Amino acid sequence: MKARRDKSPRPAALPVTAQLATLRAWIVFAEKVYAQAGLALGQVATTAHDEALYLLLRTLDWPLDSDPAVLDQPLAPAQRIALRKVLHQRVVDRTPAAYLTREAFLGDHAFYVDERVIIPRSYFLEIIPLLAAHLPAGVEVTRAVDVCTGSGCLAILLAHQFPRAKVDAIDLSPDALAVAAINVKGHRLGRRITLHGSDVFAQVPKVTYDLILSNPPYEPSAVCDDLPEEFKQEPRLALDGGADGLDIIRRLLVQARERLAPHGLVVLEVGALQKAMNREFKTLKLQWLPTIDGSHCICLIHADRLLRWKP
Ligand SMILES: C[S@@+](CC[C@H](N)C(=O)[O-])C[C@H]1O[C@@H](n2cnc3c(N)ncnc32)[C@H](O)[C@@H]1O
């Protein structure tokens, strides 16, 4: 989740589009208006071209892997009206593309999303497949928990990765849990994933987990105040980690000591808080896991360290 100050001008309307006869022309146009309006990217794609291509294909209800020849196919008047409407919502209203299409992807996994949840974009997509290598040989994950589950996306990735695991998914927000329930059902994981409405672990029955995973709210409050409009449309509860970003993380680590198996792991995604985390939790000697883009924003803590830790 990349935060930056919002300084972009807000256009009152889209320029005229009467001449735009093909999807190719609409994409060129979209890239131009994205740049002029200074739209923030990073929720759905990292370039204006990729996001616009996705949004416009979805609006036309054409497959995302359509033959490139469709780009030059003449569009019907109703299709052009639909494209103009969706671009107005994205550019003028600054609505995130995923809230317009009602879907988001982590790798090949699709999730239902709407304004009740943050749009999934977690680095855990690349880290979850590597977690088993950090457990002692022969240990199989049979109990896992996703604290701060939002849309349920990471609980679902955990259930796919560890097919014998029962997974608990916790969130304080009833709205987020309603969306998570849609996704758990959509992925046919109702028998293996249990949703809990809880403030961190407070309302969750005591169970011992092999794996405690969380992508909690970790942005310092002042950063949230300054986010671009698209990110402000996501629930503040999903982003705001208090004055220094560490509010939920502190509580989670203290409570995790009573719930982690002696061979278990805690893994936390913390955005730009590496330095603050290393300072605050010095004695835990956090292990930062490499990510492909070099952000290294996920840390791992083995149970032996956590269980000896004196906060
Ligand atoms: C950064 S979002 C992560 C959502 C999801 N795991 C993902 O990666 O897309 C953090 C989530 O934590 C939830 N949350 C905030 N405070 C919480 C608390 N005290 N206890 C449990 N969940 C909380 C929010 O409602 C939000 O859904």
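Start by selecting Ala25: this residue is partly exposed, with a relative accessible area of 24%. What you have on screen is a predicted model, so keep that in mind at each stop, because side-chain atom pairs count only at pLDDT 80 or more. Now color helix α1, residues 23-37, and you'll find Ala25 sitting in it.

**A long look across the chain**

Keep Ala25 selected and add Asp175. These two are 150 residues apart along the chain, and their C-alpha atoms are separated by 39 Å. Next, swap Asp175 for Leu211. From Ala25 to Leu211 you count 186 residues in sequence and 49 Å in space, C-alpha to C-alpha.

**Two stops on strands**

Stay with Leu211 and show its strand, β6, which covers residues 209-214. Is Leu211 buried or exposed? It's buried, because its relative accessible area is 1%, and the cut-off for buried is under 20%.

Move on to Asp168, which you'll find in strand β4, residues 166-171. Asp168 is buried too, with a relative accessible area of 4%. Which side chain does Asp168 reach in a polar contact? Turn on the side chain of Arg143: a polar contact of 3.2 Å joins the two.

**Into the ligand site**

Now select the ligand and show what surrounds it. There are 20 residues around it, and the ones that come nearest are Cys148, Asp171, Asp199, Val200 and Asn215. If you sort the shell by class, you get twelve nonpolar, six polar and two charged residues. For the helices, highlight α6 (153-161) and α10 (236-239), as each supplies at least two residues of this shell.

Time to draw some distances:

- Pick the side chain of Asp171: one of its N or O atoms is 2.6 Å from an oxygen atom of the ligand.
- Go to the backbone of Val200, where an N or O atom lies 2.8 Å from a nitrogen atom of the ligand.
- Then try the backbone of Thr149, with an N or O atom 3.4 Å from a ligand nitrogen atom.

With those distances drawn, switch on a surface. How much of the ligand's accessible area does the protein cover? On its own the ligand has 600 Å² of accessible area, and the protein covers 97% of that.

For the last view, hide the ligand and look at the space it takes up: this is the second largest pocket.

How values were computed:
Residues are numbered from 1 along each chain as its sequence is written. This is a predicted model: local features need pLDDT of at least 70, side-chain atom pairs count only at pLDDT 80 or more; totals for chains, interfaces and linings use all residues. Side-chain values use heavy atoms; hydrogens and water are left out. A residue is near a molecule or strand if one of its heavy atoms lies within 4 Å of it. A polar contact is a pair of N or O atoms within 3.5 Å; within protein, one must be able to donate a hydrogen and the other to accept it, and residues adjacent in sequence count only if both atoms are side-chain atoms. Accessible areas come from the Shrake-Rupley method with a 1.4 Å probe; for residues, only the protein chains shown count as cover. On a 1 Å grid over the protein atoms alone, a cavity is a set of points where a 1.4 Å probe fits but cannot get out, and a pocket is an open set with protein on both sides within 12 Å along at least five of seven lines; lining residues have an atom within 4 Å of a point. A molecule sits in a cavity or pocket if more than half of its atoms lie within 2 Å of its grid points. Helices (H or I, at least four residues) and strands (E, at least two) are DSSP runs, numbered from the N terminus. Ala, Val, Leu, Ile, Met, Phe, Trp, Tyr, Cys and Pro count as nonpolar, Asp, Glu, Lys and Arg as charged, and the others, Gly among them, as polar. Buried means under 20% relative accessible area, exposed over 50%, partly exposed in between (1.4 Å probe, protein chains only).
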